[in-house]
Every structure is written in structure tokens, then in C-alpha cells.
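This report covers charge, fold, surface and aromatic contacts. The sequence and structure are shown first.

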Amino acid sequence: MPDSPNKPPAPQWADDATARRAFWCGVRFAPSTPAVVLFATFIGFGALAQATGFSPAEAVFTTLIVWALPGQVVLVDEVAKGAGLVTAAFAVTLTAIRLLPLTVSLMPWLRGAGVSRPLQFLMSHFIAVTVWIEGHRRLPGLPAHLRAPYFLGMASAFLVLNLVATLIGFLVAGRVPVEVAAGLLFLTPIYFLLSLIASARGRVDLMALALGFAIGPPLFVLMPGFDLLATGLIGGTIAYGASARRKARP
Amino acid sequence: MTFGGEFPSYLFLLIAGFGATAPWRFLGVVLARNLDIDSELLNWVRAVSTALVAGLVARMVLFPVGALAGVDPVLRVGAFGCGVLTFFVARRNLGAGVAGGTAVLLAGQYVVW
């Protein structure tokens, strides 16, 4: 499982690389720890969709168009409960609000010469937590003109892997012991946390991490549905403010 | 097949799935239009995103869904801690940390609990 280092210098392949080459390098470097974790969690999603009565094609379609695991799980759950369209859409949109800050913080790295507005919207469809983390880890080390093609390569590889994983999960559903199913669900949070630590740049990130970790659970109890947005705004603003004050001091 | 009583399943998934998710990403693209990679505002958004994901992690471990909810909270949190420990012992190796924590969770279920 090769992992790119914390702050990668421009990799060797980037010398004189064309956009096409950057795309394929993105594809080539995608199989890594996050790919394994994503693959395993989407096997879990496929199994869940099967248990809910989805067809294999409906399960794969859901992964393709939503591309954010919590939203997909909620969507399947709402269908299982026989919820109406408006109720289901509302429940899913609450989980998707978190994609807004993730997209805002990653998009400036993906705009560059030759990146049209439609392409920007297309790239935004791939943004979810894992791609956000990997984007921040890998893109800053690349020359600006190679970031978008590299990102598209990496995201396409993740997409194909997850569509396959959804299908596999569908096929093995019911044959996975409950202990292993628990293990599959455990992979995502431990990967998220460790990669946040691994890619943290300085004090702001670490403080935001610690604050989010501390105030997330109580806010979930107090205001489920809006807890993540509140956690991000409160924790992130305090962390940012504290570091800005530190910088301002002589 | 129909979902929600009356809708063709794919139409239901398209509206309640894509329709409920994509606007947030698209709004993100629009809001990021004038942000530079070295702007202070972007540093703030990054901090907000980081805290948000950290909150998501805490929620997934403390208030899990599905099969993970059936695992004793002590084992869940313990395995999580072991994963973090393995990560640092293995000189900040992501794969080692993920594997270590998950191994403890699996072993704990089969052996101890």
C-alpha cells in the first residue's frame, strides 16, 4: 500500500508531463490504502442495498449518482422505510450539506488554465471525504496545469473500483459474518482520522481536528442532522481564529 | 419497481439521491470561483472542513450504524485507539494504522467478547 508522503515534492513523472500522462498517473496511483478502504466500505453498501430489496443495477446507479456514502446509506434506509420522495430527499440533503465546504476548499486547486466551467462541475461530482483528503494530500505537490487531469484520473479509478465493490457487496450479501461486517464499517472512521492526522498542515489543522472530535458527539445529541455543519463551523472557526491571533502577535 | 409508493425506482433515486446531493457540490464550485489557493478565506474553509470530518469520525465510532452498532463500545473505542497507536508506532504509516485497528476489532469480537 504505497502512501504519498505528507507534503510531496513534485513527483518525478511530473517533469514535462502532458495532461494525458497526468491522468494516467492519477489512475495508477489510486490503488492505495484509501482505495482498499473505499472498496471494503462499498462492499458493505452493496450488501445493505441487497438486504433492502434494491436490484443490482439500482445499487450501482445509487453509487454513481450520489457518490457519498452517508447519503447513500440514508437513501437506502429511507426507501426501506417506505418514505415518500420529499422525506427521503430532505434526509439525504442533510447529509450532503457537508459537501459544500469540502468542495469550496478543494476547487481552487482544480481550477487552472484550460479547465472549463462544465469540467469544474463534473469534477465537483467526485468530491466526497476520501477524495477531498487525497486531493489535499496529492494536488499541492503537482504543477498547476497537471492537477485537474491527475484528479480526474484518480477519481475515475476510485469510481470504477466503487462500482465494482457495490456489485460484489450485492453478490456476497448475507454471506458475510456479522463480525466482518462490523470490521468493514470500522475501516472508514479509522482511515478518515489517520489520514487527517497524516495530511495535517500545522497547528490549525490539528486544533480543528481535536475540536471537531470533542464537540461533534454532543452536537449530534443536541441537534442531529445539523450537527456536522455546526461542528465544522464552530470547531473550524475557533481553530482558525486561534491561529490567526497567534500569527498576529509579534 | 417503484419506490416511495408511486415513483419508478430510478426517478426516485435520481431526485432523492442526485437532486439532494449535487446542488451542494455545484454551489461549492460557484462559491469557490474567486478564491485563491493562498487566500485566508480558504484557510478558514479548510479548518471548517477538517473539524467537520473529525466530527463525522467521532460520530461513526460513538454512534455507529449497522453491524458496528452491535460491537461493545469499549471494544469499538479501544480498537480505534489501537489503530491510532499503531499508526504512530509504524512511523505514521496509514495502512498499518488502519490494519492494526481493524485487526483488534475483529480479534476482540471473536476472542474476548
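## Charged side chains

Chain A carries 18 positive and 10 negative side chains. The centres of these two sets are 12 Å apart. These values, like the others in this report, come from a predicted model.

## Fold and dimensions of chain A

Chain A contains 12 helices and zero strands. Along the sequence the pattern is therefore written with helix symbols throughout, α-α-α-α-α-α-α-α-α-α-α-α.

The radius of gyration of chain A is 19 Å, which agrees with the value near 18 Å that a compact globule of 250 residues would have. Taken along the principal axes, the box filled by the C-alpha atoms of chain A is roughly 60 × 45 × 35 Å.

## Burial, contacts and surface

In chain A, 54% of the 250 residues count as buried. When contacts between residues at least 6 apart in sequence are considered, 77% of those in chain A join residues at least 24 apart.

The exposed area of chain A is about 10,200 Å². Carbon and sulfur atoms supply 70% of that area.

## Aromatic pairs

Over all chains, a search of the whole structure finds 15 aromatic pairs. One of them joins Phe7(B) and Phe12(B), with 6.2 Å from centre to centre and 55° between the planes; this pair is tilted. The angle of 55° is not over 60 degrees, the cut-off for edge-to-face, and not under 30 degrees, the cut-off for stacked, so the pair falls into the tilted class. Phe7(B) counts as partly exposed because its relative accessibility is 21%, and buried means under 20%. Phe12(B), at 0% relative accessibility, counts as buried.

A further pair in chain B is made by Phe87(B) and Phe88(B). Their ring centres lie 5.0 Å apart and their planes meet at 75°, so this pair is edge-to-face. Here too, one partner is buried and the other partly exposed: Phe87(B) has 0% relative accessibility and counts as buried, whereas Phe88(B) has a relative accessible area of 43% and is partly exposed.

## An aromatic cluster in chain A

Which residues form one aromatic cluster with Trp67(A)? The other members are Phe42(A), Phe45(A) and Phe126(A).

How values were computed
Residues are numbered from 1 along each chain as its sequence is written. Chains are lettered from A and ligands numbered from 1 in the order in which they are written. This is a predicted model: local features need pLDDT of at least 70, side-chain atom pairs count only at pLDDT 80 or more; totals for chains, interfaces and linings use all residues. Side-chain values use heavy atoms; hydrogens and water are left out. Helices (H or I, at least four residues) and strands (E, at least two) are DSSP runs, numbered from the N terminus. The radius of gyration is taken over C-alpha atoms; the globule rule is 2.2 Å times the number of residues to the power 0.38. Buried means under 20% relative accessible area, exposed over 50%, partly exposed in between (1.4 Å probe, protein chains only). Contact means heavy atoms within 4.5 Å. Accessible areas come from the Shrake-Rupley method with a 1.4 Å probe; for residues, only the protein chains shown count as cover. Lys and Arg count as positive and Asp and Glu as negative; His and the chain ends are not counted. The place of a charge is taken as NZ of Lys, CZ of Arg, CG of Asp or CD of Glu. Rings of Phe, Tyr and Trp (its six-membered ring) pair if their centres lie within 6.5 Å; planes under 30 degrees apart count as stacked, over 60 as edge-to-face and the rest as tilted.
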